[in-house]
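Me: Please take a close look at one part of this model, the helix that contributes most to its largest pocket, and describe the surroundings of that helix in a connected account.

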Amino acid sequence: MNTISTAELRVHGLAHAFARDEVLSGIHFRVRAGEVVALVGPSGCGKTTLLHLAAGLLTVQEGKVDNGFASTAFMFQQPRLLPWKTALDNVALGLKAAGIQRAERHFRARALALRLGLAHRDLDKFPHQLSGGMQSRVALARALVLAPELLLLDEPFSALDVGLKEELYRLLLDHQAERGMGVLMITHDLMEAVRLSDAILVMAPEPGRIVCRFELDRPASRRDDAWVYRHTAELLQTPDVRTSFGLPPVVEPERATRAQGQEAVRQQGVRQEGAAQDGAGQEGAAGAGRAQPLSGLRLVSPATGLIAVQGGKRCGA
């Protein structure tokens with residue numbers, strides 16, 4: 001039985017600038033062991049800079065980044081494979097840097113690469129002989145073979161087709177659940193964030209800052225397509241999200257449409273008037289319960305409510 005880790009990545013008061021260009025301001029968040037946190041925002045809001053600061057690839061200018069995890073791995077937006085090394089040697093690269101003997105590192109690298117869908121023959125190929133999807137598998141295996149406690153992802157799935165994305169999502173989540181790994185990922189894809197993460201931090205640009213945090217109450221392994229679509233739509237109705245991505249405000253329904261709905265409700269009430277009081281009361285209570293199902297998407301900060309979708313109904317869990 002694995003011991004539950006109490007390690008976490010904590011970012012407090014982080015600010016950063018390139019020359020006179022303020023890129024980040026007032027960033028606060030944390031990532032716990034076993035938790036997947038997504039940083040979501042439009043291009044140019046400082047997501048990659050923030051991830052590089054969390055990884056120690058940039059020097060912190062203001063604020064603090066405290067990484068309590070014993071080991072960290074980084075998966076970049078591009079595979080960044082060494083062209084003169086085979087796929088197997090690319091997967092084993094971090095193990096070689098850690099001083100693991102050749103036979104042992106090749107054994108570990110091969111075992112994990114096979115789990116991630118690469119064939120034995122693929123591991124003897126050089127990067128230029130691999131498809132983009134295979135290169136992404138190699139890059140993911142290279143990060144995971146180190147058994148990191150914290151994995152940092154810089155939009156590594158953005159260039160992949162939907163089928164391959166779904167397969168890599170499943171492989172990543174299976175590995176994350178098995179090892180209790182913390183994950184901090186950045187993406188501009190709201191649906192990807194809803195599919196993978198336990199918490200979503202929405203960033204706005206100029207300067208980059210976190211404007212709201214959402215928590216998702218259903219485990220990622222239990223989110224089907226319909227759940228993901230509904231909650232992505234709900235997320236898109238939130239004013240802070242729309243503002244961050246430069247979307248126009250949600251259009252209010254036309255008055256005529258609202259009037260038609262109200263009239264329909266009134267007429268339905270008239271038709272039910274002759275029903276027995278107890279039966280009508282039970283039906284009304286049940287109808288009210290169905291009209292406001294609990295949302296699986298909870299806005300934590302700031303403390304303002306989510307805007308409903310689908311005719312005034314909140315998305316159900």
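**Helix H6 and the spaces beside it**

Reply: The model is a predicted one. A search of the whole structure finds 1 cavity of 30 Å³ or more, and helix H6 has a part in its lining as well as in that of the largest pocket.

The pocket may be taken first. The largest pocket holds about 350 Å³ of space. Its lining comprises 17 residues, and those closest to the centre are Tyr169, Leu173, Asp174, Ala220 and Ser221. Two elements, helix H6 (162-179) and helix H7 (190-196), each give two or more residues to this lining; H6 gives the most, with 7 residues. By character, the pocket lining divides into 7 nonpolar, 4 polar and 6 charged residues.

The largest cavity encloses about 40 Å³. Its lining consists of Val36, Leu172, Leu173, Gln176, Val183, Met185 and Leu196. H6 supplies the largest share, 3 residues, and strand E7 (182-187) also supplies at least two. Here the division is 6 nonpolar, 1 polar and no charged residues. Leu173 appears in this lining and is also listed among the residues closest to the centre of the pocket.

Charged side chains of H6 take part in salt bridges, of which the structure holds 14. One of them joins glutamate 166 and arginine 195, with an N to O distance of 3.0 Å. Because glutamate 166 lies in H6 and arginine 195 in H7, this pair ties together parts that are 29 residues apart in sequence. The two partners differ in exposure: glutamate 166 is partly exposed at 31% relative accessibility, whereas arginine 195 is buried at 9%.

A further salt bridge pairs aspartate 174 with arginine 170, at 3.8 Å from N to O. These residues are 4 apart within H6, and so are separated by about one helical turn. An α-helix has 3.6 residues a turn, so residues three or four places apart point the same way. Aspartate 174 is partly exposed at 40% relative accessibility, and arginine 170 is partly exposed at 44%. Aspartate 174 is also one of the residues closest to the centre of the largest pocket.

Finally, H6 is among the elements that cover the buried residues of helix H5, together with strand E5 (72-75), helix H2 (87-91), helix H4 (102-115) and strand E6 (150-154). Since 10 of the 13 residues of H5 are buried, H5 is largely enclosed by the rest of the structure. The buried residues of H5 include Gly133, Arg137, Leu140 and Leu144.

Terms used
Residues numbered from 1 in each chain as written. Predicted model: local features only at pLDDT ≥ 70, side-chain atom pairs only at ≥ 80, totals over all residues. Heavy atoms only, no water. 1 Å grid on protein atoms, 1.4 Å probe; cavity = no way out; pocket = protein on both sides within 12 Å on 5 of 7 lines; lining within 4 Å. Points joined across faces, edges and corners; volume = space filled by probe spheres on them. Nonpolar A, V, L, I, M, F, W, Y, C, P; charged D, E, K, R; others polar. Buried < 20%, exposed > 50% of the residue type's maximum accessible area, 1.4 Å probe, protein only. Contact = heavy atoms within 4.5 Å. Salt bridge = Lys/Arg side-chain N within 4 Å of Asp/Glu carboxyl O.
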